[in-house]
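Reader: Hello! I'd love a close look at one helix in this model, with a little of what surrounds it. Could you walk me through it at an easy pace?

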Amino acid sequence: MSIILNHVNYIYGEDGPLAVKALDDVCLQIPDGQFVGIIGHTGSGKSTLVQHMNGLLRAASGHIYFNGEDIYDKDFQMKKLRSKVGLVFQYPEHQLFEIDVFSDVCFGPKNLGLDRREAELRAFDALRKVGMPAELYYQSPFELSGGQKRRAAIAGVLAMSPEVLILDEPTAGLDPKGRDEILRQIKELQVRTNMTILLVSHSMEDVAEYVDRIIVMNKGKVMYDDVPREVFSHYKELEKIGLAAPQVTYILHALKDRGFDVDVNATTTGEAVETVLGALGRKGTYI
Amino acid sequence: MLRDITLGQYYQTESVIHRLDPRVKLGGTLLYIISLFLFRNFLGYGAAAVFLAAVIGLSHVPFKFIVKGMKAIVFLLLITVVFNLFLTPGTELVSVWKLTITVEGLRTAVTMAVRLTMLIIGSSLMTLTTTPNNLTDGMERMMRPLKVFKVPVHEVAMIMSIALRFIPILLEETDKIMKAQIARGADFETGNIVKRAKALVPLLVPLFISAFRRANDLAMAMEARCYRGGEGRTKMKPLVYEKRDRLGYLCIFVYLAVGITVGRLRF
(Lines give C-alpha, C1' and ligand atoms only; values in the text may rest on other atoms or scores of the structure.)
Protein backbone atom coordinates (compact mmCIF):
# COMPACT_ATOMS: atom_id res chain seq x y z
CA MET A 1 0.00 0.00 0.00
CA SER A 2 2.07 2.92 -1.23
CA ILE A 3 3.00 5.08 -4.17
CA ILE A 4 6.19 4.33 -6.08
CA LEU A 5 7.59 6.48 -8.88
CA ASN A 6 10.23 4.85 -11.01
CA HIS A 7 12.33 7.03 -13.37
CA VAL A 8 9.46 9.35 -14.23
CA ASN A 9 10.01 12.03 -16.90
CA TYR A 10 7.63 14.70 -18.11
CA ILE A 11 8.05 17.43 -20.75
CA TYR A 12 5.78 20.45 -21.30
CA GLY A 13 5.15 21.57 -24.91
CA GLU A 14 6.96 18.60 -26.36
CA ASP A 15 7.28 19.63 -30.02
CA GLY A 16 6.82 23.37 -29.58
CA PRO A 17 9.65 25.89 -29.49
CA LEU A 18 9.52 26.23 -25.72
CA ALA A 19 9.76 22.63 -24.52
CA VAL A 20 10.52 22.41 -20.79
CA LYS A 21 11.61 19.32 -18.94
CA ALA A 22 9.29 19.52 -15.94
CA LEU A 23 10.22 16.20 -14.37
CA ASP A 24 13.68 14.77 -14.82
CA ASP A 25 14.18 11.12 -13.85
CA VAL A 26 12.20 11.26 -10.61
CA CYS A 27 12.31 8.18 -8.36
CA LEU A 28 10.32 8.25 -5.12
CA GLN A 29 8.59 5.96 -2.67
CA ILE A 30 5.80 7.21 -0.47
CA PRO A 31 4.91 4.66 2.23
CA ASP A 32 1.56 4.60 3.99
CA GLY A 33 0.75 6.99 6.79
CA GLN A 34 3.63 9.34 6.14
CA PHE A 35 3.26 13.12 6.24
CA VAL A 36 5.46 14.38 3.40
CA GLY A 37 6.31 17.95 2.48
CA ILE A 38 7.21 18.68 -1.13
CA ILE A 39 9.14 21.92 -1.37
CA GLY A 40 10.42 23.82 -4.35
CA HIS A 41 10.60 27.20 -5.94
CA THR A 42 8.00 28.29 -8.55
CA GLY A 43 8.50 26.14 -11.65
CA SER A 44 10.53 23.46 -9.87
CA GLY A 45 8.06 20.77 -10.91
CA LYS A 46 6.35 20.14 -7.58
CA SER A 47 2.79 20.63 -8.90
CA THR A 48 3.60 18.59 -11.99
CA LEU A 49 4.89 15.83 -9.75
CA VAL A 50 1.73 15.52 -7.65
CA GLN A 51 -0.51 15.62 -10.73
CA HIS A 52 1.21 12.43 -11.86
CA MET A 53 0.26 10.68 -8.66
CA ASN A 54 -3.45 10.67 -9.45
CA GLY A 55 -3.03 10.26 -13.19
CA LEU A 56 -4.00 13.78 -14.29
CA LEU A 57 -0.72 14.02 -16.17
CA ARG A 58 0.82 11.09 -17.96
CA ALA A 59 4.56 10.61 -17.74
CA ALA A 60 6.52 10.71 -21.00
CA SER A 61 8.49 7.75 -19.69
CA GLY A 62 8.81 5.81 -16.46
CA HIS A 63 6.30 3.99 -14.29
CA ILE A 64 4.10 4.80 -11.35
CA TYR A 65 2.80 2.09 -9.02
CA PHE A 66 -0.10 2.55 -6.66
CA ASN A 67 -0.68 -0.25 -4.15
CA GLY A 68 1.30 -2.61 -6.32
CA GLU A 69 -0.48 -1.83 -9.59
CA ASP A 70 1.05 -0.01 -12.55
CA ILE A 71 -1.30 2.94 -13.18
CA TYR A 72 -0.36 2.96 -16.87
CA ASP A 73 -1.61 -0.61 -17.37
CA LYS A 74 -4.38 -0.79 -19.97
CA ASP A 75 -6.97 -2.27 -17.61
CA PHE A 76 -6.13 0.03 -14.69
CA GLN A 77 -9.11 2.05 -13.48
CA MET A 78 -8.01 5.72 -13.43
CA LYS A 79 -11.28 6.77 -11.84
CA LYS A 80 -10.65 4.49 -8.90
CA LEU A 81 -7.15 5.88 -8.50
CA ARG A 82 -8.57 9.40 -8.36
CA SER A 83 -10.91 8.45 -5.55
CA LYS A 84 -8.03 6.87 -3.61
CA VAL A 85 -5.55 9.67 -4.20
CA GLY A 86 -7.36 12.94 -3.49
CA LEU A 87 -5.77 16.08 -4.92
CA VAL A 88 -6.75 19.55 -3.72
CA PHE A 89 -5.55 22.28 -6.06
CA GLN A 90 -4.08 25.59 -5.07
CA TYR A 91 -7.07 27.78 -5.86
CA PRO A 92 -10.39 26.73 -4.33
CA GLU A 93 -12.04 29.01 -6.92
CA HIS A 94 -11.19 26.36 -9.50
CA GLN A 95 -13.48 23.78 -8.02
CA LEU A 96 -16.26 25.47 -6.05
CA PHE A 97 -19.39 25.76 -8.18
CA GLU A 98 -22.51 24.70 -6.29
CA ILE A 99 -25.12 26.95 -4.71
CA ASP A 100 -24.03 26.10 -1.18
CA VAL A 101 -21.00 24.63 0.54
CA PHE A 102 -22.74 21.43 1.51
CA SER A 103 -23.89 20.47 -2.01
CA ASP A 104 -20.44 21.32 -3.31
CA VAL A 105 -18.83 18.88 -0.89
CA CYS A 106 -21.39 16.25 -1.99
CA PHE A 107 -20.16 16.52 -5.61
CA GLY A 108 -17.18 14.18 -5.09
CA PRO A 109 -18.95 11.32 -3.28
CA LYS A 110 -21.87 11.52 -5.73
CA ASN A 111 -19.43 11.06 -8.60
CA LEU A 112 -18.28 7.86 -6.92
CA GLY A 113 -21.78 6.52 -7.45
CA LEU A 114 -22.81 6.64 -3.78
CA ASP A 115 -26.49 7.17 -2.95
CA ARG A 116 -27.73 10.49 -1.56
CA ARG A 117 -27.74 9.39 2.08
CA GLU A 118 -24.18 8.06 2.03
CA ALA A 119 -22.89 11.06 0.06
CA GLU A 120 -24.48 13.52 2.50
CA LEU A 121 -23.18 11.68 5.55
CA ARG A 122 -19.69 11.76 4.11
CA ALA A 123 -20.04 15.45 3.33
CA PHE A 124 -21.04 16.21 6.94
CA ASP A 125 -18.12 14.15 8.18
CA ALA A 126 -15.63 15.89 5.86
CA LEU A 127 -16.87 19.37 6.75
CA ARG A 128 -16.54 18.57 10.43
CA LYS A 129 -13.02 17.20 9.93
CA VAL A 130 -11.78 20.41 8.29
CA GLY A 131 -13.33 22.52 11.02
CA MET A 132 -15.90 24.34 8.93
CA PRO A 133 -18.31 26.26 11.21
CA ALA A 134 -21.77 24.68 10.95
CA GLU A 135 -23.49 28.00 10.21
CA LEU A 136 -21.59 28.19 6.92
CA TYR A 137 -22.74 24.82 5.53
CA TYR A 138 -25.61 26.33 3.58
CA GLN A 139 -23.91 29.53 2.46
CA SER A 140 -22.76 30.19 -1.07
CA PRO A 141 -19.13 29.04 -1.38
CA PHE A 142 -18.33 32.27 -3.23
CA GLU A 143 -19.13 34.42 -0.20
CA LEU A 144 -16.69 32.66 2.13
CA SER A 145 -13.36 34.09 3.25
CA GLY A 146 -10.12 32.78 1.72
CA GLY A 147 -9.47 30.37 4.58
CA GLN A 148 -13.03 29.04 4.63
CA LYS A 149 -13.01 28.55 0.85
CA ARG A 150 -9.85 26.50 1.28
CA ARG A 151 -11.59 24.42 3.95
CA ALA A 152 -14.57 23.83 1.67
CA ALA A 153 -12.24 22.72 -1.13
CA ILE A 154 -10.35 20.33 1.12
CA ALA A 155 -13.63 18.92 2.46
CA GLY A 156 -14.78 18.40 -1.13
CA VAL A 157 -11.88 16.03 -1.71
CA LEU A 158 -11.90 14.52 1.78
CA ALA A 159 -15.54 13.50 1.31
CA MET A 160 -14.37 10.96 -1.24
CA SER A 161 -12.49 9.19 1.62
CA PRO A 162 -9.13 9.02 -0.14
CA GLU A 163 -6.25 6.95 1.23
CA VAL A 164 -3.76 9.59 0.17
CA LEU A 165 -4.47 13.31 0.40
CA ILE A 166 -2.38 15.70 -1.69
CA LEU A 167 -2.62 19.41 -0.95
CA ASP A 168 -1.12 21.80 -3.50
CA GLU A 169 -0.13 25.01 -1.70
CA PRO A 170 -3.01 24.94 0.78
CA THR A 171 -1.75 28.06 2.53
CA ALA A 172 -1.09 30.35 -0.45
CA GLY A 173 -2.70 33.73 0.06
CA LEU A 174 -3.65 33.15 3.70
CA ASP A 175 -2.53 35.31 6.60
CA PRO A 176 -0.22 33.66 9.20
CA LYS A 177 -3.12 32.91 11.56
CA GLY A 178 -5.23 31.28 8.86
CA ARG A 179 -2.18 29.40 7.65
CA ASP A 180 -1.39 27.94 11.08
CA GLU A 181 -5.03 26.98 11.61
CA ILE A 182 -5.25 25.07 8.35
CA LEU A 183 -1.91 23.34 8.85
CA ARG A 184 -2.74 22.36 12.41
CA GLN A 185 -6.04 20.90 11.26
CA ILE A 186 -4.29 18.90 8.54
CA LYS A 187 -1.78 17.55 11.02
CA GLU A 188 -4.59 16.60 13.40
CA LEU A 189 -6.36 14.81 10.58
CA GLN A 190 -3.20 12.91 9.76
CA VAL A 191 -2.58 11.86 13.34
CA ARG A 192 -6.18 10.79 13.89
CA THR A 193 -6.77 8.87 10.65
CA ASN A 194 -3.16 7.89 9.86
CA MET A 195 -3.81 9.05 6.31
CA THR A 196 -0.87 9.56 3.93
CA ILE A 197 -0.59 13.29 3.30
CA LEU A 198 1.54 15.13 0.76
CA LEU A 199 1.82 18.84 1.33
CA VAL A 200 3.16 20.95 -1.55
CA SER A 201 4.58 24.31 -0.57
CA HIS A 202 7.29 26.80 -1.36
CA SER A 203 7.71 27.79 2.27
CA MET A 204 9.87 25.80 4.65
CA GLU A 205 8.21 27.55 7.55
CA ASP A 206 4.95 25.88 6.55
CA VAL A 207 6.16 22.34 6.63
CA ALA A 208 8.99 22.31 9.17
CA GLU A 209 6.69 21.96 12.16
CA TYR A 210 4.45 19.24 10.83
CA VAL A 211 5.99 16.82 8.34
CA ASP A 212 7.98 13.59 8.83
CA ARG A 213 9.91 13.94 5.60
CA ILE A 214 10.79 16.66 3.11
CA ILE A 215 11.33 16.27 -0.63
CA VAL A 216 13.07 19.27 -2.17
CA MET A 217 12.47 19.71 -5.90
CA ASN A 218 14.71 21.80 -8.12
CA LYS A 219 14.42 22.11 -11.93
CA GLY A 220 12.40 18.91 -12.19
CA LYS A 221 14.83 16.86 -10.11
CA VAL A 222 14.64 15.57 -6.55
CA MET A 223 17.41 17.49 -4.81
CA TYR A 224 16.98 16.32 -1.21
CA ASP A 225 14.73 13.65 0.25
CA ASP A 226 15.16 13.24 3.98
CA VAL A 227 13.86 14.06 7.45
CA PRO A 228 13.50 17.83 8.08
CA ARG A 229 16.59 18.27 10.27
CA GLU A 230 18.84 16.64 7.64
CA VAL A 231 17.35 18.74 4.83
CA PHE A 232 17.73 21.97 6.80
CA SER A 233 21.40 21.26 7.50
CA HIS A 234 21.86 22.10 3.79
CA TYR A 235 20.40 25.55 4.37
CA LYS A 236 23.15 27.27 2.37
CA GLU A 237 22.40 25.16 -0.71
CA LEU A 238 18.68 25.72 -0.21
CA GLU A 239 19.24 29.46 -0.37
CA LYS A 240 20.99 29.08 -3.71
CA ILE A 241 17.82 27.62 -5.26
CA GLY A 242 15.63 30.36 -3.86
CA LEU A 243 14.41 28.56 -0.76
CA ALA A 244 15.11 29.34 2.84
CA ALA A 245 15.36 27.22 5.96
CA PRO A 246 12.99 28.13 8.81
CA GLN A 247 13.92 31.25 10.76
CA VAL A 248 14.94 29.22 13.82
CA THR A 249 17.71 27.57 11.80
CA TYR A 250 19.24 30.97 11.11
CA ILE A 251 18.92 32.12 14.70
CA LEU A 252 20.48 28.93 16.05
CA HIS A 253 23.38 29.09 13.58
CA ALA A 254 24.01 32.72 14.55
CA LEU A 255 23.98 31.78 18.23
CA LYS A 256 26.37 28.91 17.62
CA ASP A 257 28.75 31.23 15.77
CA ARG A 258 28.77 33.52 18.80
CA GLY A 259 29.80 30.69 21.05
CA PHE A 260 26.53 29.41 22.47
CA ASP A 261 26.27 25.65 22.77
CA VAL A 262 22.96 25.17 20.93
CA ASP A 263 21.74 22.29 18.75
CA VAL A 264 21.59 23.84 15.27
CA ASN A 265 19.48 21.00 13.95
CA ALA A 266 16.36 21.91 15.90
CA THR A 267 13.63 22.39 13.32
CA THR A 268 10.59 23.60 15.19
CA THR A 269 10.16 26.66 17.36
CA GLY A 270 9.53 24.46 20.38
CA GLU A 271 12.77 22.53 19.94
CA ALA A 272 14.65 25.77 19.41
CA VAL A 273 13.35 27.26 22.65
CA GLU A 274 14.41 24.14 24.51
CA THR A 275 17.96 24.08 23.16
CA VAL A 276 18.43 27.82 23.69
CA LEU A 277 17.22 27.55 27.29
CA GLY A 278 19.48 24.55 27.78
CA ALA A 279 22.49 26.47 26.48
CA LEU A 280 21.70 29.46 28.66
CA GLY A 281 21.13 27.26 31.69
CA ARG A 282 24.51 25.62 31.34
CA LYS A 283 26.14 29.00 31.11
CA GLY A 284 24.27 30.05 34.20
CA THR A 285 22.85 33.20 32.63
CA TYR A 286 19.27 34.28 33.24
CA ILE A 287 17.21 36.74 31.35
CA MET B 1 -5.52 18.54 -23.96
CA LEU B 2 -6.74 22.04 -24.90
CA ARG B 3 -3.25 23.28 -25.57
CA ASP B 4 -3.07 21.35 -28.82
CA ILE B 5 -5.08 23.99 -30.68
CA THR B 6 -2.58 25.87 -32.81
CA LEU B 7 -4.98 27.77 -35.08
CA GLY B 8 -4.52 31.48 -34.40
CA GLN B 9 -1.55 30.85 -32.14
CA TYR B 10 1.74 32.75 -32.15
CA TYR B 11 4.97 30.83 -32.79
CA GLN B 12 7.88 32.53 -31.09
CA THR B 13 11.08 32.57 -33.09
CA GLU B 14 13.38 35.01 -34.87
CA SER B 15 12.81 35.64 -38.60
CA VAL B 16 12.39 38.32 -41.26
CA ILE B 17 8.68 37.56 -41.46
CA HIS B 18 8.28 37.99 -37.70
CA ARG B 19 9.93 41.41 -37.86
CA LEU B 20 7.84 42.70 -40.79
CA ASP B 21 5.43 45.52 -40.07
CA PRO B 22 2.02 44.00 -39.21
CA ARG B 23 0.41 46.18 -41.89
CA VAL B 24 2.51 44.47 -44.57
CA LYS B 25 1.46 41.07 -43.28
CA LEU B 26 -2.22 42.01 -42.99
CA GLY B 27 -2.34 43.63 -46.43
CA GLY B 28 -0.27 40.85 -47.94
CA THR B 29 -2.51 38.14 -46.50
CA LEU B 30 -5.61 39.93 -47.77
CA LEU B 31 -4.18 40.31 -51.29
CA TYR B 32 -2.98 36.70 -51.23
CA ILE B 33 -6.45 35.46 -50.31
CA ILE B 34 -8.08 37.55 -53.04
CA SER B 35 -5.54 36.25 -55.56
CA LEU B 36 -6.55 32.66 -54.75
CA PHE B 37 -10.06 33.41 -55.99
CA LEU B 38 -8.93 35.02 -59.25
CA PHE B 39 -7.06 32.07 -60.73
CA ARG B 40 -8.60 30.16 -63.62
CA ASN B 41 -5.95 27.44 -64.03
CA PHE B 42 -3.54 25.45 -61.93
CA LEU B 43 -0.52 27.52 -62.98
CA GLY B 44 -1.83 30.28 -60.75
CA TYR B 45 -2.03 27.93 -57.77
CA GLY B 46 1.49 26.83 -58.63
CA ALA B 47 2.66 30.43 -58.36
CA ALA B 48 0.77 30.82 -55.06
CA ALA B 49 2.35 27.62 -53.73
CA VAL B 50 5.83 28.85 -54.61
CA PHE B 51 5.11 32.19 -52.90
CA LEU B 52 3.68 30.45 -49.83
CA ALA B 53 6.61 28.01 -49.62
CA ALA B 54 9.05 30.92 -49.80
CA VAL B 55 7.27 32.75 -46.97
CA ILE B 56 7.13 29.58 -44.82
CA GLY B 57 10.83 29.04 -45.44
CA LEU B 58 11.65 32.61 -44.42
CA SER B 59 9.41 32.47 -41.34
CA HIS B 60 11.37 29.66 -39.62
CA VAL B 61 8.10 28.12 -38.43
CA PRO B 62 8.41 24.33 -38.78
CA PHE B 63 6.05 23.01 -41.46
CA LYS B 64 5.03 20.23 -39.05
CA PHE B 65 3.75 22.84 -36.61
CA ILE B 66 1.62 24.54 -39.29
CA VAL B 67 0.12 21.24 -40.39
CA LYS B 68 -0.74 20.35 -36.80
CA GLY B 69 -3.02 23.37 -36.68
CA MET B 70 -4.76 22.18 -39.85
CA LYS B 71 -6.16 19.08 -38.15
CA ALA B 72 -9.05 21.10 -36.78
CA ILE B 73 -10.39 21.92 -40.24
CA VAL B 74 -9.85 18.60 -42.00
CA PHE B 75 -13.51 17.75 -41.41
CA LEU B 76 -14.71 21.00 -43.00
CA LEU B 77 -12.44 20.37 -45.95
CA LEU B 78 -13.80 16.84 -46.42
CA ILE B 79 -17.42 18.02 -46.45
CA THR B 80 -16.64 20.64 -49.10
CA VAL B 81 -14.82 18.14 -51.27
CA VAL B 82 -17.49 15.44 -51.01
CA PHE B 83 -20.38 17.78 -51.80
CA ASN B 84 -18.62 19.31 -54.78
CA LEU B 85 -17.52 15.93 -56.05
CA PHE B 86 -20.98 14.37 -56.14
CA LEU B 87 -23.36 17.25 -56.60
CA THR B 88 -21.91 19.14 -59.56
CA PRO B 89 -23.85 18.50 -62.78
CA GLY B 90 -21.94 17.95 -66.06
CA THR B 91 -20.29 15.27 -68.16
CA GLU B 92 -20.32 11.93 -66.43
CA LEU B 93 -16.96 10.42 -65.45
CA VAL B 94 -17.80 7.49 -63.17
CA SER B 95 -21.19 6.37 -61.89
CA VAL B 96 -21.82 3.95 -59.04
CA TRP B 97 -25.41 3.33 -57.90
CA LYS B 98 -26.94 6.80 -57.39
CA LEU B 99 -23.61 8.61 -57.04
CA THR B 100 -22.13 10.22 -60.11
CA ILE B 101 -18.79 11.93 -60.40
CA THR B 102 -18.56 14.44 -63.21
CA VAL B 103 -15.53 15.96 -64.85
CA GLU B 104 -16.65 19.40 -63.67
CA GLY B 105 -17.29 18.06 -60.18
CA LEU B 106 -13.81 16.61 -59.90
CA ARG B 107 -12.37 19.87 -61.13
CA THR B 108 -14.29 22.03 -58.65
CA ALA B 109 -13.59 19.65 -55.76
CA VAL B 110 -9.85 19.69 -56.35
CA THR B 111 -9.84 23.47 -56.88
CA MET B 112 -11.82 24.00 -53.68
CA ALA B 113 -9.56 21.74 -51.63
CA VAL B 114 -6.40 23.43 -52.91
CA ARG B 115 -7.89 26.89 -52.46
CA LEU B 116 -9.10 26.26 -48.90
CA THR B 117 -5.88 24.60 -47.78
CA MET B 118 -3.74 27.40 -49.13
CA LEU B 119 -6.07 30.01 -47.72
CA ILE B 120 -5.89 28.55 -44.24
CA ILE B 121 -2.14 27.95 -44.31
CA GLY B 122 -1.62 31.51 -45.54
CA SER B 123 -3.76 33.15 -42.90
CA SER B 124 -2.51 30.96 -40.05
CA LEU B 125 1.01 31.90 -41.12
CA MET B 126 0.09 35.50 -40.41
CA THR B 127 -1.06 34.76 -36.85
CA LEU B 128 1.89 32.42 -36.29
CA THR B 129 4.36 35.17 -37.07
CA THR B 130 2.59 38.19 -35.56
CA THR B 131 1.95 38.74 -31.86
CA PRO B 132 -1.69 39.58 -31.09
CA ASN B 133 -0.62 43.04 -29.91
CA ASN B 134 1.14 43.78 -33.15
CA LEU B 135 -1.80 42.50 -35.12
CA THR B 136 -4.29 44.80 -33.45
CA ASP B 137 -1.84 47.68 -33.72
CA GLY B 138 -1.67 47.10 -37.44
CA MET B 139 -5.44 46.85 -37.73
CA GLU B 140 -5.97 50.00 -35.75
CA ARG B 141 -3.57 51.89 -37.99
CA MET B 142 -5.09 50.51 -41.18
CA MET B 143 -8.65 51.25 -40.12
CA ARG B 144 -7.86 54.80 -39.04
CA PRO B 145 -9.51 56.35 -42.14
CA LEU B 146 -12.82 54.88 -40.94
CA LYS B 147 -12.80 57.38 -38.07
CA VAL B 148 -14.30 59.86 -40.53
CA PHE B 149 -17.45 57.71 -40.49
CA LYS B 150 -17.51 57.74 -36.65
CA VAL B 151 -16.29 54.15 -36.38
CA PRO B 152 -14.73 53.75 -32.88
CA VAL B 153 -11.52 52.32 -34.33
CA HIS B 154 -9.43 52.52 -31.17
CA GLU B 155 -12.09 50.95 -28.98
CA VAL B 156 -12.62 48.09 -31.42
CA ALA B 157 -8.88 47.47 -31.55
CA MET B 158 -8.65 47.55 -27.74
CA ILE B 159 -11.53 45.08 -27.39
CA MET B 160 -9.86 42.80 -29.91
CA SER B 161 -6.48 42.86 -28.24
CA ILE B 162 -8.01 42.19 -24.83
CA ALA B 163 -10.07 39.33 -26.24
CA LEU B 164 -7.01 37.83 -27.93
CA ARG B 165 -4.93 38.26 -24.80
CA PHE B 166 -7.50 36.43 -22.72
CA ILE B 167 -7.79 33.35 -24.93
CA PRO B 168 -4.65 31.63 -23.61
CA ILE B 169 -5.44 32.70 -20.03
CA LEU B 170 -8.93 31.28 -20.14
CA LEU B 171 -7.72 28.12 -21.88
CA GLU B 172 -5.22 27.55 -19.12
CA GLU B 173 -7.88 28.28 -16.53
CA THR B 174 -10.24 25.78 -18.19
CA ASP B 175 -7.49 23.21 -18.08
CA LYS B 176 -6.95 23.76 -14.36
CA ILE B 177 -10.65 23.70 -13.50
CA MET B 178 -11.11 20.52 -15.53
CA LYS B 179 -8.27 18.90 -13.63
CA ALA B 180 -9.65 20.02 -10.27
CA GLN B 181 -13.06 18.54 -11.10
CA ILE B 182 -11.65 15.35 -12.61
CA ALA B 183 -9.75 14.95 -9.34
CA ARG B 184 -13.17 15.01 -7.66
CA GLY B 185 -14.41 12.28 -9.95
CA ALA B 186 -16.09 14.43 -12.60
CA ASP B 187 -16.43 12.77 -15.99
CA PHE B 188 -16.38 14.95 -19.11
CA GLU B 189 -15.88 12.23 -21.67
CA THR B 190 -18.58 9.59 -21.43
CA GLY B 191 -22.38 9.52 -21.51
CA ASN B 192 -25.04 10.88 -23.84
CA ILE B 193 -25.49 14.52 -24.83
CA VAL B 194 -27.70 15.45 -21.87
CA LYS B 195 -25.30 13.88 -19.40
CA ARG B 196 -22.32 15.57 -20.99
CA ALA B 197 -24.03 18.95 -21.03
CA LYS B 198 -24.80 18.55 -17.33
CA ALA B 199 -21.20 17.57 -16.67
CA LEU B 200 -20.13 20.95 -18.02
CA VAL B 201 -21.81 22.88 -15.17
CA PRO B 202 -18.94 22.26 -12.69
CA LEU B 203 -16.58 23.54 -15.40
CA LEU B 204 -18.53 26.55 -16.63
CA VAL B 205 -19.53 28.07 -13.29
CA PRO B 206 -15.95 28.53 -12.00
CA LEU B 207 -14.85 29.60 -15.48
CA PHE B 208 -17.47 32.34 -15.76
CA ILE B 209 -16.84 33.56 -12.25
CA SER B 210 -13.14 33.73 -12.96
CA ALA B 211 -13.70 35.54 -16.29
CA PHE B 212 -15.85 38.18 -14.59
CA ARG B 213 -13.36 38.58 -11.78
CA ARG B 214 -10.52 39.03 -14.25
CA ALA B 215 -12.52 41.53 -16.31
CA ASN B 216 -13.23 43.47 -13.14
CA ASP B 217 -9.57 43.48 -12.10
CA LEU B 218 -8.46 44.56 -15.57
CA ALA B 219 -10.98 47.40 -15.67
CA MET B 220 -9.78 48.53 -12.26
CA ALA B 221 -6.12 48.38 -13.35
CA MET B 222 -6.89 50.37 -16.51
CA GLU B 223 -8.80 53.00 -14.54
CA ALA B 224 -5.95 53.24 -12.04
CA ARG B 225 -3.66 54.12 -14.94
CA CYS B 226 -6.08 56.78 -16.16
CA TYR B 227 -7.23 54.99 -19.30
CA ARG B 228 -9.90 57.14 -20.93
CA GLY B 229 -10.24 55.69 -24.42
CA GLY B 230 -8.28 56.53 -27.55
CA GLU B 231 -8.63 60.33 -27.56
CA GLY B 232 -5.18 61.96 -27.57
CA ARG B 233 -3.45 58.67 -26.86
CA THR B 234 0.02 58.16 -28.34
CA LYS B 235 2.03 55.00 -28.88
CA MET B 236 5.29 54.06 -27.24
CA LYS B 237 6.33 52.19 -30.36
CA PRO B 238 4.53 53.74 -33.35
CA LEU B 239 4.48 51.65 -36.51
CA VAL B 240 7.02 52.97 -39.02
CA TYR B 241 7.74 51.41 -42.43
CA GLU B 242 11.33 50.35 -42.93
CA LYS B 243 13.30 49.11 -45.90
CA ARG B 244 12.31 45.47 -45.36
CA ASP B 245 8.63 46.45 -45.26
CA ARG B 246 8.87 48.20 -48.65
CA LEU B 247 10.67 45.13 -49.94
CA GLY B 248 7.84 43.02 -48.53
CA TYR B 249 5.23 45.05 -50.41
CA LEU B 250 7.32 44.75 -53.57
CA CYS B 251 7.44 40.95 -53.24
CA ILE B 252 3.68 40.78 -52.78
CA PHE B 253 3.03 42.91 -55.86
CA VAL B 254 5.48 40.92 -57.96
CA TYR B 255 3.70 37.74 -56.86
CA LEU B 256 0.30 39.29 -57.67
CA ALA B 257 1.44 40.44 -61.12
CA VAL B 258 3.00 37.10 -62.02
CA GLY B 259 0.24 35.01 -60.44
CA ILE B 260 -2.63 36.87 -62.04
CA THR B 261 -1.05 37.03 -65.50
CA VAL B 262 -0.28 33.32 -65.51
CA GLY B 263 -3.29 32.25 -63.50
CA ARG B 264 -5.90 33.91 -65.68
CA LEU B 265 -4.69 32.43 -68.98
CA ARG B 266 -7.26 30.34 -70.80
CA PHE B 267 -6.14 27.23 -72.59
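Author: Happily! Let's begin with one residue, N134(B), which, leaving aside its neighbours within four places in sequence, touches P22(B) and L239(B). Please keep in mind throughout that this is a predicted model. N134(B) sits in helix α7 of chain B, and that helix is the part I suggest we look at closely. With a relative accessibility of 30%, N134(B) counts as partly exposed. You can also use N134(B) to find your way around the chain: T234(B) is 100 residues away along the sequence, and the C-alpha atoms of the two are 15 Å apart.

One of those two partners, P22(B), leads us to the next helix. Helix α2 of chain B covers residues 22-36, while α7 covers residues 132-142, and their axes come within 8 Å of each other, crossing at roughly 75°. An angle from 65 to 115 degrees counts as roughly perpendicular, so α2(B) is roughly perpendicular to α7(B). On the α2(B) side, the contact is made by P22(B), R23(B), L26(B) and G27(B). On the α7(B) side, N134(B), L135(B), G138(B), M139(B), R141(B) and M142(B) take part. If you sort the residues of this contact by class, you find five nonpolar, three polar and two charged.

A simple rule helps when reading such lists: an α-helix has 3.6 residues a turn, so residues three or four places apart point the same way.

Which residues of α7(B) are buried? They are L135(B), T136(B), D137(B), G138(B) and E140(B). Two of them, L135(B) and G138(B), you have already met in the contact with α2(B). The buried residues of α7(B) pack against three helices of chain B: α2, α6 (103-129) and α8 (153-183).

T136(B) is a good one to zoom in on. T136(B) belongs to helix α7 of chain B, and its relative accessibility is 4%. The cut-off for buried is under 20%, so T136(B) counts as buried. Setting aside neighbours within four places in sequence, T136(B) is in contact with A157(B), M160(B), S161(B) and L164(B). Those partners fall in the residue range of α8, 153-183, one of the helices that the buried residues of α7(B) pack against.

Now let's step back to the whole chain. Chain B is divided into domain 1, made of 2-130 + 240-263, and domain 2, made of 146-224. Taken over C-alpha atoms, the centres of these two domains of chain B are 31 Å apart.

Chain B also has a partner, chain A. Between them, 23 residues of chain B are in contact with 25 residues of chain A. About 2000 Å² is buried between the two chains, and carbon and sulfur atoms give 64% of that area. On the chain B side, K179(B), A183(B) and R184(B) supply 36% of the area buried against chain A, more than any other three residues.

To finish, here is a residue to look up in chain A. K149(A) lies in helix α5, residues 146-158, and at 15% relative accessibility K149(A) counts as buried. Beyond its neighbours within four places in sequence, K149(A) is in contact with P92(A), E93(A), L96(A), P141(A), F142(A) and L144(A).

How values were computed
Residues are numbered from 1 along each chain as its sequence is written. Chains are lettered from A and ligands numbered from 1 in the order in which they are written. This is a predicted model: local features need pLDDT of at least 70, side-chain atom pairs count only at pLDDT 80 or more; totals for chains, interfaces and linings use all residues. Side-chain values use heavy atoms; hydrogens and water are left out. Domain bounds come from an automatic or database domain assignment. Axes are lines fitted to C-alpha atoms, for helices over the stretch in contact, and angles run from 0 to 180 degrees between N-to-C directions. Helices (H or I, at least four residues) and strands (E, at least two) are DSSP runs, numbered from the N terminus. Angles under 35 degrees count as roughly parallel, over 145 as roughly antiparallel, 65 to 115 as roughly perpendicular and the rest as oblique. Contact means heavy atoms within 4.5 Å. Ala, Val, Leu, Ile, Met, Phe, Trp, Tyr, Cys and Pro count as nonpolar, Asp, Glu, Lys and Arg as charged, and the others, Gly among them, as polar. Buried means under 20% relative accessible area, exposed over 50%, partly exposed in between (1.4 Å probe, protein chains only). Buried area is the accessible area (1.4 Å probe) that two parts lose on being put together, summed over both.
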